[in-house]
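Hello,

Here is the structure I promised to send over. Please open it alongside this message, and I will walk you through what turned up.

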Amino acid sequence: MTLSGDATLVLPEFDAPPADPVVLLAEWFAGAVSREVSEPFAMVLATADDRGRPSSRVVLFKEFADGGLVFAGSSTSRKGRDLAANPQAAANFHWRETLQQITVVGTVQKVAPEASDALFADRPRAAQAAVIASEQSTPLDDESALHGRAAALADSDEPLSRPEAWTGYLLVPEEVEFWQGKPNRLHRRLRYVRTGEGWLAERLQP
Ligand SMILES: Cc1cc2nc3c(=O)[nH]c(=O)nc-3n(C[C@H](O)[C@H](O)[C@H](O)COP(=O)(O)O)c2cc1C
């Protein structure tokens, strides 16, 4: 075994999968939090542009809504431009300490403006200021000017409102795979695929 992490975790769901993978996702997040996995909500989000060129980056999973996973970022960023051209994405969570991985593939849509406002309102003021001060993913000419803008906003008495470009996104799963690392590469995999009749769960070879 070359992977580090605890391979002794007992996960009966591989033998008795629940009907809905979103329910299992919620259980896995709760388990990751209680086992003190580091950054359990950090997910690698892969998108592709209109020519099929992929890119990926880490974003934070914020909450479940409407059967999907919500994350937030700027619609003018690379991921935002990719998603406008090609609203399909894959997300990957990796929890090294417990040898767990989750892969989600699906379509992405913006959440309603009021839901984005609520996500923005939830951020600490300094993080709101940074969002307003920065045009995510555009070239940076002057870092101290950026910091100055962010500090001035954070220190002001003005209420800070969400820039239109900053939005919540909803990733609606078409496929969800749960993976658990086991010794001798005999890992366990459980994949859900959305069908016309609901979710189909099947085990995959490692
Ligand atoms: C742990 C972690 C969490 C992050 N969370 C977010 C996030 O929730 N939203 C976001 O837009 N960027 C987040 N970032 C920054 C992104 O990885 C990325 O730099 C940014 O979104 C611009 O990516 P893009 O140019 O490909 O769109 C996070 C980075 C890390 C390492």
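**What was found**

Val33, Phe41 and Leu60 come together as a nonpolar patch on the surface, and their accessible area adds up to about 250 Å². Please keep in mind that this is a predicted model. Within the patch, Phe41 sits in the loop that runs between helix H1 (21-34) and strand E1 (42-48). Phe41 counts as partly exposed because its relative accessible area is 31%.

Val37 is found in that loop between H1 and E1 too. Val37 is buried, since its relative accessibility is 7% and the cut-off for buried is under 20%. Val37 also has a partner from elsewhere in the sequence: Thr98 is 61 residues away along the chain, yet the two C-alpha atoms are 7.4 Å apart in space.

**The ligand**

Leu60 leads us on to the ligand, as Leu60 belongs to the residues that surround it. The others are Arg57, Val58, Val59, Ala72, Gly73, Ser77, Arg78, Lys79, Gln136 and Ser137. By class, this shell holds 4 nonpolar, 4 polar and 3 charged residues.

Three backbone contacts may interest you:

- Val58 places a backbone N or O atom 2.6 Å from an oxygen atom of the ligand.
- Leu60 has a polar backbone atom 3.0 Å from an oxygen atom of the ligand.
- Ala72 has a polar backbone atom 2.8 Å from a nitrogen atom of the ligand.

On its own the ligand has 620 Å² of accessible area, and the protein covers 62% of that. Strand E2 (54-60), strand E4 (68-74) and helix H2 (78-85) are the elements that each give two or more residues to the shell. E2 gives the most, with 4 residues.

**Salt bridges**

The structure holds 7 salt bridges. One of them pairs Arg188 with Asp15, with 3.1 Å between the closest N and O atoms. This pair ties together distant parts of the chain, as Arg188 is in strand E8 and Asp15 is in the segment before H1, 173 residues apart. Arg188 counts as buried because its relative accessibility is 18%, whereas Asp15 is exposed at 59%.

Arg53 and Asp49 form another salt bridge, at 2.9 Å from N to O. Here Arg53 is partly exposed, with 45% relative accessibility, while Asp49 is buried at 12%.

A further bridge joins Glu202 to Arg191, where the closest N and O atoms are 2.7 Å apart. Glu202 belongs to strand E9 (residues 198-204) and Arg191 to strand E8, 11 residues apart. Both count as partly exposed, Glu202 with a relative accessible area of 29% and Arg191 with 24%. Shared partners also join Asp15, Arg188 and Arg203 into one salt-bridge network.

**A histidine in a loop**

His187 lies in the loop between strand E7 (166-180) and strand E8 (188-195). Is His187 buried or exposed? His187 counts as buried, because its relative accessibility is 13%. A polar atom of the His187 side chain is 3.0 Å from the backbone nitrogen of Lys182.

**The chain as a whole**

The protein chain has 5 helices and 9 strands, in the order α-β-β-β-β-α-β-β-α-α-α-β-β-β along the sequence. Its C-alpha atoms fill a box of roughly 55 × 35 × 30 Å along the principal axes. Of its 206 residues, 40% count as buried.

Happy to go through any of this with you.

Best wishes

Notes:
Residues numbered from 1 in each chain as written. Predicted model: local features only at pLDDT ≥ 70, side-chain atom pairs only at ≥ 80, totals over all residues. Heavy atoms only, no water. Near = heavy atom within 4 Å. Polar contact = N/O pair within 3.5 Å; in protein donor to acceptor, adjacent residues only side chain to side chain. Areas by Shrake-Rupley, 256 points an atom, 1.4 Å probe, with all protein chains shown as cover. Nonpolar A, V, L, I, M, F, W, Y, C, P; charged D, E, K, R; others polar. Patch = residues over 30% accessible without salt bridge, like charges linked within 9 Å, V, L, I, M, F, W, Y side chains within 5 Å. Salt bridge = Lys/Arg side-chain N within 4 Å of Asp/Glu carboxyl O. Buried < 20%, exposed > 50% of the residue type's maximum accessible area, 1.4 Å probe, protein only.
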